[in-house]
Amino acid sequence: MTDLIERELSLPGTPAQLWPALTDPEWLRSWLADDVALELRPGGEARFRFGDELREGWVEEVTPPAPGSRPGTTGRLCFWWQAADDSASRVSLELVADRDGTTLRVVEARPLAVLDLVGLPMPGDAAGGVRYGPALIAA
Amino acid sequence: MSAAGDRDPAGAVFEALADPMRRRLLQTISTSPSTATELAGELPISRQAVAKHLTALSQAGLLQRERSGRDVRYHVTPAPLSQAVSWMADVGGQWDERLSRLAALGDRHRERPRH
């Protein structure tokens, strides 16, 4: 069973102009979490702080958008995070150019049953880890 | 086997959770079981509006009523579904907050570009 949250937000600008909002620690601190450290490569470390709560995880996908505002132009950042006593979930942040600007699509999913059994797939064997996530999502 | 007139439980759940105020109510009640009056004191809506939301959440099977003296206290239904539901309410609420901060930044960005 997969628990899933989806949200969309329209933003002014092109995906390339908005990419720093998803990747620049300074931007991220102003909206995502109180502290953010992201290693921007597949398998890279991801750390987040919300007040006293720490979440750790890893980066699954970093696909910067092409420049320009051609509709459909897409950039995507996916990572996994997990608080100490909670199950892991996967966050996908996608910027897609549309006629008026850009839509940010957020999907957070928790593939409950399987993940609770096997724990957070770690990037240790990077290729395995990276394949692992999407396979679980589809499960 | 299901009696005629049974509602699709998952449909009722998602309908009940489509409203941000109901998600907030559910989140509050999951932290501590509450009465409608207590909830109205904590949230920016009337007791009447709270009661209406509580009815919708109860009908979706998300809340249980327990009478204590003259009060009715609401609990989150202790079932596997309610775990998924409270996760969704919790995580959904967090993203609502994050995205409203980002939207505010976007507005500022538009008025005074950084680059």
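A salt bridge here is a side-chain nitrogen of Lys or Arg within 4 Å of a carboxyl oxygen of Asp or Glu. Keep that in mind for the views below, which come from a predicted model.

**View 1. One salt bridge links chain A and chain B.** By that rule, the count between the two chains comes to one. The partners are Arg7(A) and Asp96(B), whose closest N and O atoms sit 2.6 Å apart. On top of that, six residue pairs across the interface of chain A and chain B are in polar contact, both residues being at pLDDT 80 or more.

**View 2. The interface as a whole buries about 2200 Å² between chain A and chain B.** Carbon and sulfur atoms give 69% of that area. In chain A, Arg7(A), Trp27(A) and Trp31(A) lose the most area to chain B, and together they make up 29% of what that side buries. As for head count, chain A puts 26 residues into the contact and chain B puts in 21.

**View 3. What the chain A side of the contact is built from.** Which elements of chain A give two or more residues to the side that touches chain B? They are strand 1 (2–11), helix 2 (25–31), strand 6 (89–98) and strand 7 (101–111). Strand 1 of chain A has the largest share, with six residues. Sorted by type, this side of chain A has 17 nonpolar residues, two polar ones and seven charged ones.

**View 4. Strands 3, 4 and 5 of chain A, with strand 4 pairing to strand 3 and to strand 5.** Strand 3 (residues 45–50) and strand 4 (residues 53–63) run antiparallel over six bridges. Arg49(A) has Leu54(A) of strand 4 as its bridge partner. The hairpin of these two strands has two residues between them, and Gly51(A) takes a positive phi near 60° there. Strand 4 also pairs with strand 5 (residues 74–83), again in the antiparallel sense, over eight bridges. In that pairing, Thr63(A) stands opposite Arg76(A) of strand 5.

**View 5. Glu66(B) and its surroundings in strand 2 of chain B.** Strand 2 covers residues 63–68 of chain B. Is Glu66(B) buried, exposed or partly exposed? Glu66(B) counts as partly exposed because its relative accessibility is 40%, and the partly exposed class lies between 20% and 50%. Beyond its neighbours within four places in sequence, Glu66(B) is in contact with Asp71(B), Val72(B), Arg73(B) and His75(B). With His75(B) there is a side-chain to side-chain polar contact at 3.0 Å. Ser34(B), 32 residues away from Glu66(B) in sequence, is 10.0 Å away in space, C-alpha to C-alpha.

Definitions and conventions
Residues are numbered from 1 along each chain as its sequence is written. Chains are lettered from A and ligands numbered from 1 in the order in which they are written. This is a predicted model: local features need pLDDT of at least 70, side-chain atom pairs count only at pLDDT 80 or more; totals for chains, interfaces and linings use all residues. Side-chain values use heavy atoms; hydrogens and water are left out. Contact means heavy atoms within 4.5 Å. Buried area is the accessible area (1.4 Å probe) that two parts lose on being put together, summed over both. A polar contact is a pair of N or O atoms within 3.5 Å; within protein, one must be able to donate a hydrogen and the other to accept it, and residues adjacent in sequence count only if both atoms are side-chain atoms. Helices (H or I, at least four residues) and strands (E, at least two) are DSSP runs, numbered from the N terminus. Ala, Val, Leu, Ile, Met, Phe, Trp, Tyr, Cys and Pro count as nonpolar, Asp, Glu, Lys and Arg as charged, and the others, Gly among them, as polar. Two strands pair if DSSP finds at least two bridges between them. Buried means under 20% relative accessible area, exposed over 50%, partly exposed in between (1.4 Å probe, protein chains only).
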